[in-house]
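User: Hi! I have a structure to share, and I would like to understand the reasoning behind the labels used for it. Could you walk me through them?

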Amino acid sequence: MMKQTLLTASALALLAAVPAMAQSRVVSAGERLAANNAPLGVRAGSFLVIPKVDVEGTYDDNLYATKNNEVDDTYVTVRPEVAVKSNWSRHALNAVANVEVKRYLDKDSEDVENYKVALDGRADVLRDTFVGGGIGYERKHEDRGDPNSVASAVEPTEYDVMTARAGAFRGLGKANLRFDSEYRNLEYKNGRTASNAVVLNSRRDRTEYEQALRVGYKFTPSTEAFVKGTIDTRAYDFKGNAGSRNRSNHGQTYVAGLNFDLTGKTKGEVFVGTTERNYVDPGFKDIDEATWGGNVTYNFSDLTTLKAGITRGIEETTQGASSGFVATDYVVGVEHALRRNVLLNGKVGYSQNEYQGFAAGQRDDEIMMAGAGVDYWINRNFKAGVGYEYRNRESNLNTGDYSRNKFMVKLTATY
């Protein structure tokens, strides 16, 4: 999976809860079609209720993401969801609840049920002064291609994530100040192999704390320079024993960057800095690396949009003698509005995951991906789509290679 790292929003609507930039003038082709065909929703006083259900059929030609003896299967995913958004002139309150049920035609051991409930809000204290935050709880399952997932487990790895976030934004003329704090608790369910051996996923249980301070300065209405510092701690419940180490660690990241929103056609952000992780167990190698990234959206016209992004940062792992891995991700995508209700899209990406640790021969993965799709808005209440995704991983581990093709057909009903 292409990873979302530094400066990427992950709350239900945290940027809405604590805004930092004015609304962009640059709207991509996909965003424009989605807005023009958006459902009206159900008015409930000063709230808008938007019910939705997705039904998706997928054919996967390498279900277990293995190098040899590939197994294919077809599965159906159903995702009912209800979102609630306030319609106030000041302040904001949003909520969402959804369920994801996957059912496989042959391999019913892969059947999963995921869900999510989340709430966030914003209070407008003064002009250009906001406070906000959110809470959420999710049941999730790891994809079989995840490098942290144990391949011999007979079922996908199940885990729960509880999240709480709070933040504040203060505008000071051309300058602005933003503070964000996040708490995450992850709990993994133990698994079993075909021989009934226990897979101790519970050793991955941990609590994560993160605080970030960002200072921005607008040189022009469409150009802002910023600096940002982030400190975080990842405290594992399992403190280690003779056969397994304590993976608790803490880190810090400092970057400087530039936001831009130019000519009504181009918007984006670039940043560069340094990031490091230090481990409680002296047997794990500390990691100190440069970090950089950015994204750009460019409208060739009202009908065609180019999107590109790059991120580089340190990711968590529970693999053997590795402390963590440095992930560098590149992605380029194109959107084209063929008609007012038909959107073509395609993207390609490349990732390199370089594992760091005290032992020789650390893992090194290279991942290529490509995808394409068509979305067709039948009307405001129904949307159909087809898609294709290819993924290939080459690893210096003998069992790490795989290639995978997925074909999807999707129907969305909303109101």
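User: What makes the contact between Asp160 and Arg139 a salt bridge?

Analyst: Happy to help, and please keep in mind that this is a predicted model. The closest N and O atoms of Asp160 and Arg139 are 2.3 Å apart. A salt bridge needs a side-chain nitrogen of Lys or Arg within 4 Å of a carboxyl oxygen of Asp or Glu, so this pair qualifies. The pair links distant parts of the chain, with Asp160 in strand β7 (residues 158-172) and Arg139 in strand β6 (residues 129-141), 21 residues apart. Both Asp160 and Arg139 are buried.

User: How many salt bridges does that rule give?

Analyst: The count comes to 26 salt bridges.

User: Why are Arg214 and Glu224 called buried?

Analyst: Buried means under 20% relative accessible area. Arg214 has 9%, so Arg214 is buried. Glu224 has 1%, so Glu224 is buried by that cut-off too.

User: What makes the contact between Arg214 and Glu224 a salt bridge?

Analyst: The N to O distance between their side chains is 2.9 Å. The cut-off is within 4 Å, so Arg214 and Glu224 form a salt bridge. This pair also links distant parts of the chain: Arg214 sits in strand β11, Glu224 in strand β12 (residues 223-236), and they are ten residues apart.

User: Which residues are joined into one network by salt bridges that share partners?

Analyst: The network joins Arg165, Glu182, Arg184, Arg206 and Glu208. Within this group, the side chains of Arg206 and Glu208 meet in a salt bridge at 2.8 Å, N to O. Arg206 is buried, as is Glu208.

User: How do you know that Val215 is partly exposed rather than buried or exposed?

Analyst: Val215 has a relative accessible area of 37%. Buried means under 20% and exposed means over 50%, so Val215 falls in between and is called partly exposed. You will find Val215 in strand β11.

User: What makes Val215 eligible for a nonpolar surface patch?

Analyst: Residues in a patch need over 30% relative accessible area and no salt bridge. With 37%, Val215 passes the area cut-off. Val215 makes the patch together with Leu177, Phe179, Leu213 and Val227, and the patch area is about 390 Å². The elements that give two or more residues to this patch are β8 (175-188) and β11 (206-220).

User: Why is Asp106 called exposed?

Analyst: Its relative accessibility is 54%, and exposed means over 50%, so Asp106 earns that label. Asp106 lies in the loop between β4 (92-104) and β5 (112-126). Its C-alpha is 7.7 Å from that of Thr74, although the two are 32 residues apart in sequence.

User: And why is Tyr298 only partly exposed?

Analyst: Tyr298 has 29% relative accessibility, between the 20% and 50% cut-offs, so it counts as partly exposed. Tyr298 belongs to strand β15 (residues 287-299). Tyr298 and Thr266 are 32 residues apart in sequence, with their C-alpha atoms 4.5 Å apart in space.

User: How do you know that Thr77 is buried?

Analyst: The relative accessible area of Thr77 is 1%, and the label applies under 20%, so Thr77 is buried. Thr77 is in strand β3. Its C-alpha is 6.6 Å from that of Arg103, with their positions 26 residues apart in sequence.

User: What makes the phi of Ala65 worth pointing out?

Analyst: Most residues other than glycine have a negative phi. Phi of Ala65 is near 50 degrees, a positive value in a residue other than glycine. Ala65 is in the loop between β2 (47-60) and β3 (73-86). With 7% relative accessibility, under the 20% cut-off, Ala65 therefore counts as buried.

User: What is the phi of Asn69, and is Asn69 buried or exposed?

Analyst: Asn69 has a positive phi too, near 55 degrees. Asn69 is found in the loop between β2 and β3. Its relative accessible area is 71%, over the 50% cut-off, so Asn69 is exposed.

User: Lastly, what is the volume of the second largest pocket, and which residues are closest to its centre?

Analyst: The volume of that pocket is about 580 Å³. Of the 30 residues that line it, the closest to the centre are Ser149, Val150, Ala151, Arg393 and Thr399. By class, the lining has twelve nonpolar, 13 polar and five charged residues.

Conventions: Residues are numbered from 1 along each chain as its sequence is written. This is a predicted model: local features need pLDDT of at least 70, side-chain atom pairs count only at pLDDT 80 or more; totals for chains, interfaces and linings use all residues. Side-chain values use heavy atoms; hydrogens and water are left out. On a 1 Å grid over the protein atoms alone, a cavity is a set of points where a 1.4 Å probe fits but cannot get out, and a pocket is an open set with protein on both sides within 12 Å along at least five of seven lines; lining residues have an atom within 4 Å of a point. Grid points are joined across faces, edges and corners, and a volume is the space filled by probe spheres set on the points. Ala, Val, Leu, Ile, Met, Phe, Trp, Tyr, Cys and Pro count as nonpolar, Asp, Glu, Lys and Arg as charged, and the others, Gly among them, as polar. Patches are made of residues with over 30% relative accessible area and no salt bridge: like charges are joined within 9 Å, nonpolar side chains (Val, Leu, Ile, Met, Phe, Trp, Tyr) within 5 Å. Accessible areas come from the Shrake-Rupley method with a 1.4 Å probe; for residues, only the protein chains shown count as cover. Helices (H or I, at least four residues) and strands (E, at least two) are DSSP runs, numbered from the N terminus. Buried means under 20% relative accessible area, exposed over 50%, partly exposed in between (1.4 Å probe, protein chains only).
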